[in-house]
Amino acid sequence: MATSTTTQTAVGYGKTSQALWLATANFVSFGITMIMSAILSRHLPTSEYGTFRQVLYVYSTLLMVFSLGLPKAYSYFLARIPVDEGLDLVRKLTLIFLALASIFSFILFFGAGFISSVLGNPMLDDNLRLFAIVPSMLMPVLGVENILVVYRKASKVLLYVLISRIFTVTCTTLPVIAGGLGVKGAVGGFACASIITCIAGLILSRTPFKKTKNNKCNLSLRSIFNFSLPVFYSGIYGFIIASSSQFFVSRYFGVDEFAIFANGYHELPFASMVIGAVAGTLLPEFSRMYKEKKENTEFLALWKNVVAKSAMIIYPLSGFFFIYAPEIVKFLYGEGYVNSATLFRIITIVNIARIVPYSPFLFAVGKGRIFANIHLVTALSMVSLQYLCVSLFPSIEAIALIATSCTVLCLAAMLRSVAHSLESNIPGIMPWSFLLKTLLATGLSGSISVLITDIAGFGNNIVALLCSFLTFSLVYLPVARLLGINYITLAQPFFPFTKIRRII
């Protein structure tokens with residue numbers, strides 16, 4: 001009995017520590033990327049900065065299509081096969097990615113003129129051709145993080161992120177600052193950095209297999225694609241959902257408004273870091289549990305635990321960023337992008353619902369088609385409503401409200417599907433009392449923080465912003481403690497050899 005408890009504790013600790021290492025890597029990635037955006041938005045004219053963001057927009061949205069849902073296949077299948085067959089599976093998937101990347105690069109290079117005309121920006125033509133090498137470099141290493149997480153080496157993900165992002169920022173910004181090469185220098189530098197990222201990724205993706213035999217994996221390509229196709233379909237619909245708002249803004253409002261929209265309408269980065277880290281950890285874990293035919297109660301226990309811990313991070317950060325959105329946007333992008341704050345507040349509402357990734361569970365238990373169908377309905381609704389918006393009452397704020405509303409309804413539908421799969425209902429699968437306490441602590445702390453900062457007259461600069469965050473934190477933590485929200489549990493994995501570590 002003692003052995004069983006110890007094993008369960010170790011496994012739970014392992015999942016939490018892997019998720020936190022991954023979240024830390026995501027945080028570092030975000031921080032370095034924001035440095036790049038802040039530098040470029042200050043050294044490039046609005047039209048050129050908007051063009052650079054459009055290049056990344058074209059790449060990121062098309063990547064959803066050309067990746068065919070295969071990055072998730074690493075997490076799903078590596079968790080189910082012996083480790084000595086893992087390298088063979090990685091090689092198979094890498095070759096598939098190389099083939100898909102070649103097609104992607106071909107389309108970017110020869111279709112640049114068409115894409116630039118669709119988005120209404122002639123400057124995109126040459127820059128997309130210059131960028132065309134990037135898919136061939138980055139797609140073969142799309143699964144690096146998944147591989148390392150499956151084999152509990154998430155700490156190495158941080159190393160990979162540091163290498164890739166530092167080179168990316170350096171190579172992208174130096175041609176602009178030192179060489180005065182404008183947007184072409186930024187795009188060309190990004191392309192050069194992708195080569196370094198590719199080399200680092202290929203090396204790190206082999207590290208889990210250094211001390212194992214290399215046996216042939218009997219997993220057929222058909223099996224791989226049977227899993228990835230529902231992911232691919234949902235990726236297509238996700239592509240429409242993610243690109244719809246930016247497409248309508250780019251097409252009907254111009255490049256200057258697009259720059260404002262791109263800087264404002266994106267979900268709280270810290271929330272996406274947490275969700276991304278949790279998703280990367282949960283898919284292999286749920287996959288193992290489903291293969292071992294675990295009881296619904298075990299799935300539900302893990303689910304509620306993840307929801308609670310995600311909310312502990314996402315809710316207070318969402319509250320702070322919602323309240324101080326104008327100051328944050330002004331600090332990051334400058335006075336010219338203050339209007340982005342309203343858009344940022346609108347999308348932050350999504351974070352109340354997106355406190356846990358739904359895809360790992362649904363794909364692991366064979367409900368991938370349901371996941372895809374929900375996204376199909378969401379995509380059709382969003383495109384239809386946004387088309388009516390630009391036709392009848394054109395406004396980028398209205399575009400943002402439509403996108404946010406459709407996203408929240410999509411999340412509600414997925415939550416219902418999870419509840420049905422666990423033979424329960426929505427009230428039964430969420431720790432509502434804990435979530436309400438976290439929201440209450442956030443609301444009280446935000447109100448008190450605003451009152452104190454207004455009375456103190458901190459002003460409107462980076463020092464004032466830091467003082468506001470410190471005030472919010474000093475109020476929030478005691479309030480949360482009084483309400484029974486214990487943040488020590490989140491720190492335990494970073495202090496495994498001290499008394500702070502407890503069973504969670």
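Leu362 counts as buried in this predicted model, with a relative accessibility of 0%. The residue is found in helix H18, which spans residues 359–364. Setting aside residues up to four places away in sequence, Leu362 touches Lys367, Gly368 and Phe371, and also Ser417, Val418 and Ser421. A longer view along the chain takes in Val144, which is 218 residues from Leu362 in sequence. The C-alpha atoms of Leu362 and Val144 are 22 Å apart in space.

Two further buried residues can be read alongside Leu362. Asn351, in helix H17 (residues 350–353), is buried with a relative accessible area of 0%. Beyond its neighbours within four places in sequence, Asn351 is in contact with Glu267, Leu268 and Ala271, together with Ile314, Tyr315 and Ser318. Val150, for its part, has its place in helix H8, which covers residues 144–150. With a relative accessible area of 4%, Val150 is buried, because the cut-off for that class is under 20%. Its contacts, again leaving aside neighbours within four places in sequence, are Tyr74, Ser75, Leu78, Ala79, Pro284 and Arg288. One of these partners, Tyr74, is 76 residues from Val150 in sequence, yet their C-alpha atoms are 8.3 Å apart in space.

The view now widens to the nonpolar core. The largest nonpolar core of the model has 161 residues. Those with the most contacts inside this core are Leu78, Leu89, Leu108, Phe286, Trp303, Tyr358 and Phe361. Helix H20 (residues 396–421) gives the most to this core, contributing 13 residues. In soluble globular proteins, nonpolar side chains tend to be buried together. Leu78 is also a contact of Val150, and so links the paragraph above to the list of core residues with the most contacts. For Leu108, the contacts outside its neighbours within four places in sequence are Val58, Leu62, Ile115, Leu128, Phe131, Ala132 and Pro135.The contacts of Leu108 lead on to helix H2 and its partners. Helix H2 (residues 46–66) packs with helix H4 (residues 86–110) at an angle of about 140°, and their axes are 11 Å apart. H2 and H4 are therefore oblique to each other, as angles over 145 degrees are needed to count as roughly antiparallel. Their crossing is right-handed. On the H2 side, Val58, Tyr59, Leu62, Leu63 and Phe66 take part, and they meet Leu100, Ile103, Phe104, Ile107 and Leu108 in H4. The residues of this contact divide into 10 nonpolar, no polar and no charged.

H2 also packs with helix H6 (residues 124–131), where the axes come within 10 Å and cross at roughly 50°. That angle makes H2 oblique to H6, and H2 passes H6 in a right-handed crossing. Here Thr51, Gln54, Val55, Leu56, Val58 and Tyr59 of H2 meet Leu124, Asn127, Leu128 and Phe131 of H6. This contact has 7 nonpolar and 3 polar residues, with no charged ones. Val58 of H2 appears in the contact with H4 and also in the contact with H6.

Another helix pair is formed by H11 (residues 221–253) and H19 (residues 368–392), whose axes come within 7 Å and cross at roughly 15°. H11 and H19 are therefore roughly parallel to each other, and their crossing is left-handed. The residues of the contact between H11 and H19 divide into 16 nonpolar, 7 polar and 1 charged.

Two residues with greater accessibility round off the description. Leu440, in helix H22 (residues 432–456), is partly exposed, with a relative accessible area of 45%. Leu440 and Tyr476 are 36 residues apart in sequence, and their C-alpha atoms are 10.0 Å apart in space. Glu423 lies in the loop between H20 and helix H21 (426–429). Its relative accessible area of 69% makes Glu423 exposed. Its backbone is also worth a look, as phi of Glu423 is near 55°, a positive value in a residue other than glycine.

Technical notes: Residues numbered from 1 in each chain as written. Predicted model: local features only at pLDDT ≥ 70, side-chain atom pairs only at ≥ 80, totals over all residues. Heavy atoms only, no water. Core = buried A, V, L, I, M, F, W, Y, C linked by side-chain atoms within 4.5 Å. Buried < 20%, exposed > 50% of the residue type's maximum accessible area, 1.4 Å probe, protein only. Helix = DSSP H or I, 4+ residues; strand = E, 2+ residues; numbered from the N terminus. Contact = heavy atoms within 4.5 Å. Axes fitted to C-alpha atoms, helices over the stretch in contact; angles between N-to-C directions. Parallel < 35°, antiparallel > 145°, perpendicular 65-115°, else oblique. Left-handed = near helix turned anticlockwise from the far one by under 90°. Nonpolar A, V, L, I, M, F, W, Y, C, P; charged D, E, K, R; others polar.
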